[in-house]
Every structure is written in structure tokens, then in C-alpha cells.
Amino acid sequence: MVAADREHLRVVSEEDSSKRRQILDGARKVFMDLGFDGASMGEIARAAAVSKGTLYVYFADKSALFEAILEQEALQHGQVVFNFDPARDVETTLKDFGQAYIHLLCRPGGGSAIRTVMAIAERMPDVGRRYYVRVLDKTINRLAEYLAAHVASGDLKIDDCDLAATQFMELSKASLFLPFVFQAAPPPSEERMAEVVDSATRMFLAAYRAK
């Protein structure tokens, strides 16, 4: 009887998780199409192909839904493996990281959460802060720790590794991310991303490689 109960709980849990993903996929589409203010729980229920009653079982309101989407975005960022092994040489590590980072930002659909956060951050600053801490700040800190290790070994000369990490990330986005996130251009090609990241790496090392 205990084994049967456990099996039933496992099936229910899987169905629950699948339904939650279905709702979040529908909500993401509505937020992307209509923005946070234009979205309604009714529109989200229709897009997710569930009843409003089912929707409210999982999420109290659209703010809770949007927070869940941001959590998914944070998880996707966390699942991307950036190799910051201090034993790797700086040039190779920066190039690999830069390309993985810009791929993550400019993936199809990748700009929708950022656009929506930007649209509501002034009115809901806690949402903007949480997104920054969960998604962006963690990556900056990891790169800064890698750079600090190479400052200690004498490969780099950097006074502020957090600033330098942010500078490299911004250089890697140059001419790619803003046109993409504002839908002024399609996702950049592999060749263009490699070209921009190679340039970013050269500029960074020209400024920070130990003489």
C-alpha cells in the first residue's frame, strides 16, 4: 500500500510540474505579446489552454506568474556552464565565456523576460533588483573571481575585478544585444558573435594584461 501511495504521488507530482510548465509557457507568450500591464489572467489562461480556476490553483496573480518566469530565466542562466577554471589561460577562457554569454542573451525568446523587466522595473523596483541579483550579478561575480585569481598569479593587472568583469561582459554585447533586445535586428549570426567577442578579448587584454 505504501509503494502504491508513493507511485501515485510521483505521477501527481509529474502532472503538476507539467501543468505548471504549460501555464508558464502561456504566460511568457502573453507577457511578450502584451507586456506586463496589458496581460490579464484571462488572456494567460487562454494562451495556456487551462481554465482560470486551474490558473489560480497554481498562481495567485500575474505578479506571481511573472516572478516564476524570472526564476526560470535564472535557472537557465545557472545551467549554462561557464568554465572559470583558474588553470585555463585567460584569452581562451574569455573567448569561450564571451561567446557562451552572448549566445545565452540572444537566444530565440531570450529577450522577452528582459524587455518585460525593463518595462516594469521603475514601477516595481523589487522585481528589477531580484532579476539583477539572481541572473546578472552571479555571472559578474564568477568572472571577477576568475580574474582575481589571474591577478594573483601575475597574468593580469587589475585594480577592480568587479568593474573589469562588467566591462568585458559589456564589450561582448557591443552592437549585438541592444539591437536584439529592442527587436531592431534578428539574433546575430555565429560569425558576428565570434567577431565581436574576439575584438572584446583583444581590447580587454590590451588594457589588463600584465606588462
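**Helical architecture, core and internal spaces of the predicted model**

The chain contains 10 helices and 0 strands, where helices (H or I, at least four residues) and strands (E, at least two) are DSSP runs numbered from the N terminus. The structure is a predicted model, in which local features need pLDDT of at least 70, side-chain atom pairs count only at pLDDT 80 or more, and totals for chains, interfaces and linings use all residues. Residues are numbered from 1 along each chain as its sequence is written, and side-chain values use heavy atoms, with hydrogens and water left out.

Along the sequence, the secondary structure reads α-α-α-α-α-α-α-α-α-α. Taken along the principal axes, the C-alpha atoms fill a box of roughly 65 × 50 × 30 Å. Contacts are defined as heavy atoms within 4.5 Å. Of the contacts with a separation of 6 or more, 71% are between residues 24 or more positions apart. Of the 211 residues, 38% count as buried; the classes are buried (under 20% relative accessible area), exposed (over 50%) and partly exposed (in between), with a 1.4 Å probe and protein chains only.

The largest nonpolar core has 61 residues, of which Phe31, Leu65, Leu143, Leu147 and Phe204 touch the most other members. Helix α7 provides the largest share of this core, 8 residues. Such a core is a set of buried Ala, Val, Leu, Ile, Met, Phe, Trp, Tyr and Cys residues joined through side-chain atoms within 4.5 Å. When residues up to four places away in sequence are not counted, Leu143 touches Phe84, Leu94, Phe97, Ala165, Phe168 and Met169. Helix α6 is mostly covered, with 7 of its 10 residues buried. These buried positions are Gly111, Ser112, Ala113, Ile114, Thr116, Val117 and Ile120.

Empty space was examined next. Rolling a probe the size of a water molecule over the atoms shows where empty space is left. The search used a 1 Å grid over the protein atoms alone: a cavity is a set of points where a 1.4 Å probe fits but cannot get out, a pocket is an open set with protein on both sides within 12 Å along at least five of seven lines, and lining residues have an atom within 4 Å of a point. Grid points are joined across faces, edges and corners, and a volume is the space filled by probe spheres set on the points.

The largest pocket holds about 210 Å³ of space. It is lined by 15 residues, and those closest to its centre are Tyr101, Leu136, Glu170, Lys173 and Phe177. Two or more lining residues come from each of α5 (90–105), α6 (111–120), α7 (125–152), α8 (161–173) and α9 (177–181). By class, the pocket lining comprises 12 nonpolar, 1 polar and 2 charged residues; Ala, Val, Leu, Ile, Met, Phe, Trp, Tyr, Cys and Pro count as nonpolar, Asp, Glu, Lys and Arg as charged, and the others, Gly among them, as polar.

The structure also holds 1 cavity of 30 Å³ or more. The largest cavity encloses about 50 Å³, and its lining consists of Arg28, Phe31, Met32, Phe66, Ile69, Ser112, Ala113 and Thr116. At least two of these lining residues are supplied by each of α1 (2–38), α4 (62–79) and α6. The cavity lining divides into 5 nonpolar, 2 polar and 1 charged residues.

Across the whole structure, 10 salt bridges were found, each being a side-chain nitrogen of Lys or Arg within 4 Å of a carboxyl oxygen of Asp or Glu. Side chains of opposite charge can pair when their charged atoms come close. An α-helix has 3.6 residues a turn, so residues three or four places apart point the same way. Glu43 and Arg46 form a salt bridge at 3.2 Å, N to O. The two residues are 3 apart in helix α2 (residues 41–48), about one helical turn. Glu43 is partly exposed at 32% relative accessibility, whereas Arg46 is exposed at 59%.

In helix α7, Arg129 and Asp126 are likewise 3 residues apart, or about one helical turn, and their closest N and O atoms are 2.3 Å apart in a salt bridge. Asp126 is partly exposed, with a relative accessibility of 41%. The salt bridge between Lys173 and Glu170 spans 3.1 Å, N to O, and these residues lie 3 apart in helix α8, about one helical turn. Lys173 is buried at 15% relative accessibility, while Glu170 is partly exposed at 44%. Separately, Glu91, Lys95 and Asp198 are joined into one network by salt bridges that share partners.
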